[in-house]
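Biologist: Hello! I am new to this structure, so could we walk through it together, one question at a time?

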Amino acid sequence: KMAAAAGAAAGLWSEVNRCGQNGDFARALKSVNKILQINKDDVTALQCKVVCLIQNGNFKEALGVINAHTKVLTSDVIAFEKAYCEYRLNRIESALKTIQSASQQTDKLKELYGQVLYRLERYDDCLAAYRDLIRNSQDEYEEERKTNLSAVVAAQSTWEKVVPEDLGLREATYELCYNSACALIGQGKLHEAMKKLQKAEELCRQSLSEDSDATEEDIEAELAIIHGQMAYIMQLQGRTEDALQLYNQIIKLKPTDVGLLAVIANNIITINKDQNVFDSKKKVKLTNAEGVEHKLSKKQLQAIEFNKALLAMYTNQADQCRKLSASLQSQSPEHLLPVLIQAAQLCREKQHAKAVGLLQDFAEQHPANAAEIKLTMAQLKIAQGSVTKACMILRSIEELQHKPGMVSALVTMYSHEEDIDSAIEVFTQAIQWYQQHQARTNHGFCVFQPKSPVHLSLIREAANFKLKHGRKKEAISDLEELWKQNPKDVHTLAQLISAYSLVDPEKAKVLSKHLPSSDTMSLKVDVDALENSHGATYVRKKAGKLTGDNLQKEQGQGEVKKKKKKKKGKLPKNYDPKVTPDPERWLPMRERSYYRGRKKGKKKDQVGKGTQGSTTAGSSELDASRTASSPPTSPRPGSGAAVSATSNVIPPRHQKPAGAPATKKKQQQKKKKGAKGGW
């Protein structure tokens with residue numbers, strides 16, 4: 001029996017070997033299982049089973065076999081296979097522990113160690129690992145290692161803002177060109193990065209065109225990640241329409257890379273902002289695809305979550321917005337964006353006081369980020385109309401008090417509130433800060449350096465502000481300080497003299513002696529060149545030489561101008577020079593002394609009086625049909641026969657209105673016209 005079993009096992013091993021060489025691991029697995037039925041603790045058979053399962057993509061089952069036979073499959077025997085299964089199952093921390101616990105660090109384990117460090121975003125350690133691998137190995141995988149090395153450098157530049165060192169890699173493949181472009185994007189060199197991506201696209205097309213099996217769709221699918229990065233550069237450059245068009249083209253290709261789709265969808269959402277929210281809600285589904293969290297970096301995933309919270313706010317999903325921002329804050333307590341999103345949501349709900357309180361609490365808990373939070377608080381106070389409180393918040397930011405931008409903002413706000421004393425105090429504090437930080441200690445002695453341009457600019461602005469608001473005495477000290485720094489500054493001296501003239505005229509006279517003489521101040525200006533310049537509003541005509549005919553014409557024109565007389569005013573048509581004009585002719589008729597009012601017409605008074613349809617007493621006299629002598633009127637051509645003049649006349653009250661039937665018909669027609677529906 002033992003001989004038969006050994007023979008059967010030998011035959012099965014031959015089958016396993018043949019299937020392994022052919023790449024038929026499913027069939028090899030069946031043979032290995034038969035061997036294990038003969039000897040369940042066969043170490044080689046168990047190793048082969050694990051390899052076959054890995055080759056078939058059954059990583060979970062392979063890890064189960066390893067864990068079920070820990071006594072036989074020790075870490076020395078199966079360390080790489082175990083770590084690889086954990087890596088593929090996205091158990092990155094476990095894979096790192098398995099690698100570190102291995103007694104012998106083989107080349108395979110070192111390769112995997114580099115991949116694990118990259119996934120854990122430990123880029124410095126990863127860079128050192130790949131450098132060691134490239135230095136100590138020579139095989140056909142050298143190009144892949146260089147590509148991985150360039151990917152680490154690109155990640156450092158993008159996520160850690162580290163200036164990448166020149167690795168001296170020859171960019172012969174499109175992968176190396178792509179990684180180099182990503183590193184340039186991290187440095188903000190967008191134009192150079194776009195050129196690298198165009199080169200990567202060209203190399204990719206050349207590489208895939210050599211493969212006879214590759215279709216145009218396969219090439220476009222491979223180029224999708226390069227085009228995605230191109231669109232990102234366009235977006236950063238402000239070419240949002242071009243970027244959006246390219247993003248949508250990539251989505252139409254339906255690439256299998258869920259990470260790429262998630263990034264593109266997120267970027268489209270950032271372009272849409274608070275507009276086209278329906279499209280954004282569709283795109284956000286792509287960011288929720290399975291496996292996205294294992295394809296993107298932590299910062300990418302965080303950015304996607306921030307945008308989800310903002311989209312919830314824009315679509316008035318207050319509860320969802322609060323839930324997402326609270327989750328983000330618990331993950332990154334020191335991050336600014338979650339608390340700013342919460343404050344923005346509260347402001348949309350008109351709860352400004354609550355928003356300010358939330359920001360105040362965060363500023364107290366995280367002093368390192370207090371400056372940015374306080375700026376937001378000040379903005380909210382200004383929106384509420386509390387300018388003075390906003391100024392108090394801004395002045396509490398110690399690290400920004402002396403900055404020219406902050407000083408300018410505070411002075412403007414205090415001026416708006418007409419609080420000139422506080423505005424001057426802001427200038428004074430900023431100037432004092434520069435005076436204190438201008439001195440440096442040298443061997444125990446305080447050595448004062450020349451004033452910086454910012455310091456001098458603040459003094460000048462303070463002086464101008466004080467002069468503008470009538471604080472001459474206070475402005476004098478600032479102007480003297482400026483003049484002391486630059487005695488040749490005529491403008492400052494003129495301001496100083498002007499200020500002293502109102503306070504101390506004698507001092508103004510003394511200072512005026514320092515003004516340069518008029519000869520030294522004469523400006524060498526070419527008047528003709530200035531008048532003929534492009535921006536001149538008035539150009540004097542150049543006086544040309546007048547000779548012969550031209551001189552006569554000029555003289556003739558002068559004589560004509562002298563002879564010209566003022567035209568006489570036009571007189572009215574009925575003007576009679578013998579009759580004296582009415583002295584009151586310039587007054588309105590009602591204001592003239594002889595105006596007696598309008599005469600009321602008799603006929604006008606009779607119109608419209610009496611009952612409806614009745615006639616006045618004189619109407620019969622005016623009726624031509626009543627007079628016997630008047631002949632009957634002849635009918636108009638084409639009209640009906642005229643009524644006889646001698647026919648009995650019916651009184652108006654007993655007559656039917658002549659237009660009544662026609663009016664009724666018209667009303668019926670109108671009703672029919674306006675009626676809805678039909679038969």
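Modeller: Gladly, and please keep in mind that this is a predicted model. A search of the whole structure turns up 1 cavity of 30 Å³ or more.

Biologist: How much space lies in the largest cavity?

Modeller: The search that found 1 cavity applied a lower limit of 30 Å³. The space in the largest cavity is about 30 Å³.

Biologist: Which element gives the largest share of the lining of that cavity?

Modeller: The lining residues are Asn266, Ile269, Val284, Thr287, Ile304, Asn307, Lys308 and Leu311. Two elements each give two or more residues to this lining, helix 14 (258–272) and helix 16 (298–314). The largest share is 4 residues, and it comes from helix 16.

Biologist: How many residues of the lining are charged?

Modeller: Sorted by class, the lining has 4 nonpolar and 3 polar residues. Lysine counts as charged, and Lys308 is in the lining. The number of charged residues is 1.

Biologist: Let us step back to the whole protein. What percentage of its residues count as buried?

Modeller: The protein has 33 helices and 2 strands. Among contacts between residues at least 6 apart in sequence, 47% join residues at least 24 apart. Of the 679 residues, the share that counts as buried is 32%.

Biologist: Is cysteine 19 buried or exposed?

Modeller: Cysteine 19 sits in helix 1 (residues 2–22). Leaving out residues up to four places away in sequence, cysteine 19 touches Asp24, Arg27 and Ala28. Its relative accessible area is 4%, and the cut-off for this class is under 20%, so cysteine 19 is buried.

Biologist: How far is the C-alpha atom of cysteine 19 from that of leucine 29?

Modeller: Along the chain, cysteine 19 and leucine 29 are 10 residues apart. In space, their C-alpha atoms are separated by 9.1 Å.

Biologist: With which side chain does the side chain of glutamine 342 make a polar contact?

Modeller: Glutamine 342 belongs to helix 18 (residues 336–348) and is buried, with a relative accessible area of 14%. Beyond its neighbours within four places in sequence, glutamine 342 is in contact with Ser325, Ala326, Gln329 and Leu358. The polar contact, at 2.9 Å, is with the side chain of glutamine 329.

Biologist: One last thing: how far apart are the end C-alpha atoms of residues 224–257?

Modeller: UniProt lists residues 224–257 for "repeat: TPR", in an unreviewed entry. Over this stretch the chain is 76% helix and 0% strand. The distance between its end C-alpha atoms is 10 Å.

Technical notes
Residues numbered from 1 in each chain as written. Predicted model: local features only at pLDDT ≥ 70, side-chain atom pairs only at ≥ 80, totals over all residues. Heavy atoms only, no water. Buried < 20%, exposed > 50% of the residue type's maximum accessible area, 1.4 Å probe, protein only. Polar contact = N/O pair within 3.5 Å; in protein donor to acceptor, adjacent residues only side chain to side chain. Contact = heavy atoms within 4.5 Å. UniProt positions renumbered as here; feature names shortened; annotations may be inferred. 1 Å grid on protein atoms, 1.4 Å probe; cavity = no way out; pocket = protein on both sides within 12 Å on 5 of 7 lines; lining within 4 Å. Points joined across faces, edges and corners; volume = space filled by probe spheres on them.
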